[in-house]
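Reader: I'd like a close look at one part of this model, followed outward to whatever it touches. Keep it relaxed, but give me the cut-offs as you go.

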Amino acid sequence: MVSYKDLGLVNSRELFAKAIEGGYAIPAFNFNNMEQMQAIIQACVETASPVILQVSAGARKYANQTLLRYMAQGAVEYARELGRAIPIVLHLDHGNSFELCKSCIETGFSSVMIDGSSLPYDENVALTRQVVDYAHRYDVTVEGELGVLAGVEDEVAAEESHYTRPEDVEDFVKKTGVDSLAISIGTSHGANKFRPEQCTRGADGVLVPPPLRFDILEEIEKRIPGFPIVLHGSSSVPQEYVRIINTHGGALKDAVGIPEEQLRRAAKSAVCKINIDSDGRLAMTAAVRKVFVDQPAEFDPRKYLGPARDELKKLYMHKCREVLGSAGKA
């Protein structure tokens with residue numbers, strides 16, 4: 001058993017309470033490798049933002065659970081080396097079984113998500129309660145989910161979204177004991193979050209997605225006032241990265257994300273954790289493709305992963321300062 005406290009990590013409980021009170025959201029940035037972790041820590045140290053290092057089941061398989069533990073511990077030391085001991089959470093994203101959540105808790109994660117949203121309601125409650133009972137023994141925080149997000153990202157896939165039913169949230173939170181709740185109000189996974197026919201076109205010809213269902217969010221806030229809410233699938237899909245990718249050999253079609261002004265509005269509410277993964281993938285891919293096209297003789301991984309890391313850092317600093325409002329809150 002490895003305790004996250006011995007790694008210098010924190011759980012999400014105090015961070016979320018401060019975020020709700022302060023009207024901002026904690027960034028939850030997914031990572032799979034060293035360059036992503038470096039970019040996240042550099043960006044959050046320079047903006048003085050707390051951060052959630054988020055790992056999917058797929059990323060855990062890719063990076064290896066033992067290496068991930070030491071990378072998280074290294075992130076804590078790296079932040080100190082850079083001059084600021086920011087709060088860092090290591091979180092399992094979209095855990096799909098009790099066994100996976102248990103394994104993560106036992107290998108140093110300070111927070112886990114159990115996603116039973118595709119199950120019948122009573123089964124979701126029972127599974128979430130089982131994870132909560134185990135996690136709370138070790139002071140690990142737990143995120144549950146009600147409602148289903150469409151889209152594909154890693155091992156999470158759903159063709160259609162189902163909005164969270166506000167009338168279910170109070171019962172779910174009471175019966176499960178979760179520390180935070182992921183809801184569905186119109187966000188979705190992946191870079192292609194909406195079909196073109198779901199969008200309108202602005203004067204500049206850019207596809208504009210339908211707005212988030214803030215009415216559902218407001219009703220949920222009334223039913224569980226002050227309770228930490230989470231938004232998944234909240235990448236904005238910056239069109240400059242889509243353009244760079246497509247003009248440098250890529251083939252992304254109709255990639256549309258969540259407008260940043262809507263995310264900023266959400267961050268001022270009880271939404272205290274916003275997940276961002278696809279934007280980081282786009283930033284890194286754009287930078288790598290540009291090097292490969294502009295410098296076709298280059299074969300040193302540092303010469304293309306370095307620019308990818310730098311672009312990712314730039315993106316995450318922007319998210320902390322301009323979108324989530326977490327800068328200066330470490």
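Which residues point one way from E1, and which point the other way?

Author: Before the answer, a note on the model: it is predicted, so local features need pLDDT of at least 70 and side-chain atom pairs count only at pLDDT 80 or more, while totals for chains, interfaces and linings use all residues. Residues are numbered from 1 along each chain as its sequence is written, and side-chain values use heavy atoms, with hydrogens and water left out.

Now to E1. Ile26, Ala28 and Asn30 point one way, Pro27 and Phe29 point the other way, and all of them are buried. Here buried means under 20% relative accessible area, exposed means over 50%, and partly exposed is in between (1.4 Å probe, protein chains only). That swapping of sides fits the general picture: in a regular strand the side chains alternate between the two faces of the sheet. As a whole, E1 is mostly covered, with five of its five residues buried. The labels come from DSSP runs numbered from the N terminus: helices are H or I with at least four residues, strands are E with at least two.

Who sits beside E1? On one hand there's E12 (residues 271-276), joined to E1 (residues 26-30) by four bridges and running parallel to E1. Across that pairing, Phe29 stands opposite Ile276. Two strands count as paired if DSSP finds at least two bridges between them. E1 also pairs with E2 in the parallel sense, over three bridges. To get from E1 to E2 the chain goes through helix H2 (residues 34-46), and this β-α-β crossover is right-handed. Right-handed means that, with the strands pointing away from the viewer, the path from the first strand over the helix to the second runs clockwise. Along the E1 and E2 seam, Ala28 has Ile52 as its bridge partner, and Asn30 stands opposite Gln54.

E2 (residues 51-56) is mostly covered too, with six of its six residues buried. Val51, Leu53 and Val55 point one way from E2, and Ile52, Gln54 and Ser56 point the other way. Further along, E2 pairs with E3 (residues 88-95) in the parallel sense over six bridges, and Val51 faces Ile88 there.

Keep going round and you get a closed barrel of eight strands, E1-E2-E3-E4-E5-E8-E11-E12, with parallel pairing. The twist averages 25° from one strand to the next, using axes that are lines fitted to C-alpha atoms (for helices, over the stretch in contact) and angles from 0 to 180 degrees between N-to-C directions.

Another stop on that ring is E5. Thr141, Glu143 and Glu145 are on one side of E5, Val142, Gly144 and Leu146 are on the other, and all are buried. E4 (residues 111-114) joins E5 through three bridges and runs parallel to E5, with Met113 opposite Glu143. Four bridges link E5 to E8, again parallel, and there Glu143 stands opposite Ser180.

Glu143 has a side-chain partner as well: a polar contact of 2.6 Å joins it to His232. A polar contact is a pair of N or O atoms within 3.5 Å; within protein, one must be able to donate a hydrogen and the other to accept it, and residues adjacent in sequence count only if both atoms are side-chain atoms. His232 lies in the loop between strand E11 (229-231) and helix H9 (239-247). His232 counts as buried because its relative accessibility is 1%.
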